[in-house]
Amino acid sequence: ILYFNIFKNSNFFYNNFQLTLIFISNLLILISFNLIFNFSGNKKILNIKICFYFFFITFFFFITKNIVYFFLLYELLLIQSFIIENFLSTNKKSLNCSYYFLIWTQIGSLLVFLGMFYIIYTTSIYNFSDISGYYFSKI
């Protein structure tokens, strides 16, 4: 596997596997947006902006090696998904569904945040590669 550092001594790096995930996810985003948003004029520009934000956040989501950045980028992806779901909703059931989506993802994110806080508090380490080498159990 080839590893590349984007910035010297940074919190971001990528390898062949991550590039494959980035390509597949961005391809799926592009196909989904083209199928969902068949607008013209100003709405098409909005579609391009939202698609660009998804590409940008997805790229950094996959190449981060810092656990805090990973969590924040994950939250940004969920918030954008909620916004898209909420704007596409046409009836009350769809709106309720988008609010349930937001509530359940935030409950799950709270658990992920608590786990992340425990790992950082226990190890004082922020990088995934350093955390994977840490021995948590004394048994």
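## Close-up views of a predicted helical model

**View 1. Leucine 30 and its neighbours.** Let's start with leucine 30, which is found in helix H1. Keep in mind that this is a predicted model. With a relative accessible area of 38%, leucine 30 is partly exposed. Leaving aside residues up to four places away in sequence, leucine 30 touches Cys51 and Phe55. Leucine 30 and cysteine 51 sit 21 residues apart in sequence, yet their C-alpha atoms are 7.1 Å apart in space.

**View 2. The whole chain, for orientation.** Stepping back for a moment, the protein has five helices and two strands. Read from the N terminus on, its elements run β-β-α-α-α-α-α. Of its 139 residues, 29% count as buried. About 10,100 Å² of the protein is exposed, and carbon and sulfur atoms supply 71% of that area. Look at contacts between residues at least 6 apart in sequence, and you'll find that 54% join residues at least 24 apart.

**View 3. How confident is the prediction, and where is confidence lowest or highest?** The mean pLDDT of the protein is 76, and 75% of its residues reach 70 or more. Strand E1 (residues 3-5) has the lowest confidence, with a mean of 51. At the other end, confidence is highest in H4, at 86.

**View 4. The largest nonpolar core.** Here you're looking at 12 residues: Ile22, Ile29, Ile50, Cys51, Phe54, Ile57, Phe60, Phe61, Ile63, Leu73, Leu77 and Ile84. Which elements give two or more residues to this core? They are helix H1 (16-36), helix H2 (42-63) and H3. H2 gives the most, with seven residues. For a closer look at one member of the core, pick leucine 77: not counting residues up to four places away in sequence, leucine 77 touches Phe54, Ile57, Thr58 and Phe61.

**View 5. Another core.** Apart from the largest nonpolar core lies another one, made of six residues. Ile67, Met116, Ile120 and Ile131 are among them.

**View 6. Phenylalanine rings side by side.** The model has six aromatic pairs. In one of them, phenylalanine 59 and phenylalanine 60 meet edge-to-face, with 5.3 Å from centre to centre and 80 degrees between the planes. The two partners differ in how covered they are: phenylalanine 59 is partly exposed at 28% relative accessible area, while phenylalanine 60 counts as buried at 18%. Ring pairs also bring Phe56 in, linking Phe56, Phe59 and Phe60 into a cluster.

**View 7. A ring pair between two helices.** Phenylalanine 71 and phenylalanine 113 have ring centres 5.7 Å apart and planes at 45 degrees, so this pair is tilted. Phenylalanine 71 belongs to helix H3 (residues 67-88) and phenylalanine 113 to helix H4, so the pair ties together parts that are 42 residues apart in sequence. Is each ring's residue buried or partly exposed? Phenylalanine 71 is buried, at 11% relative accessible area, whereas phenylalanine 113 is partly exposed, at 36%.

**View 8. Serine 124 in a loop.** Serine 124 is found in the loop between helix H4 (92-123) and helix H5 (128-132). Its phi is near 60 degrees, a positive value in a residue other than glycine. That's worth a glance, because most residues other than glycine have a negative phi. Serine 124 also counts as exposed, at 58% relative accessibility, because the cut-off for exposed is over 50%.

Note on methods: Residues numbered from 1 in each chain as written. Predicted model: local features only at pLDDT ≥ 70, side-chain atom pairs only at ≥ 80, totals over all residues. Heavy atoms only, no water. Helix = DSSP H or I, 4+ residues; strand = E, 2+ residues; numbered from the N terminus. Buried < 20%, exposed > 50% of the residue type's maximum accessible area, 1.4 Å probe, protein only. Phe/Tyr/Trp six-rings, centres within 6.5 Å; stacked < 30°, edge-to-face > 60°. Core = buried A, V, L, I, M, F, W, Y, C linked by side-chain atoms within 4.5 Å. Contact = heavy atoms within 4.5 Å. pLDDT = per-residue confidence, 0-100. Areas by Shrake-Rupley, 256 points an atom, 1.4 Å probe, with all protein chains shown as cover.
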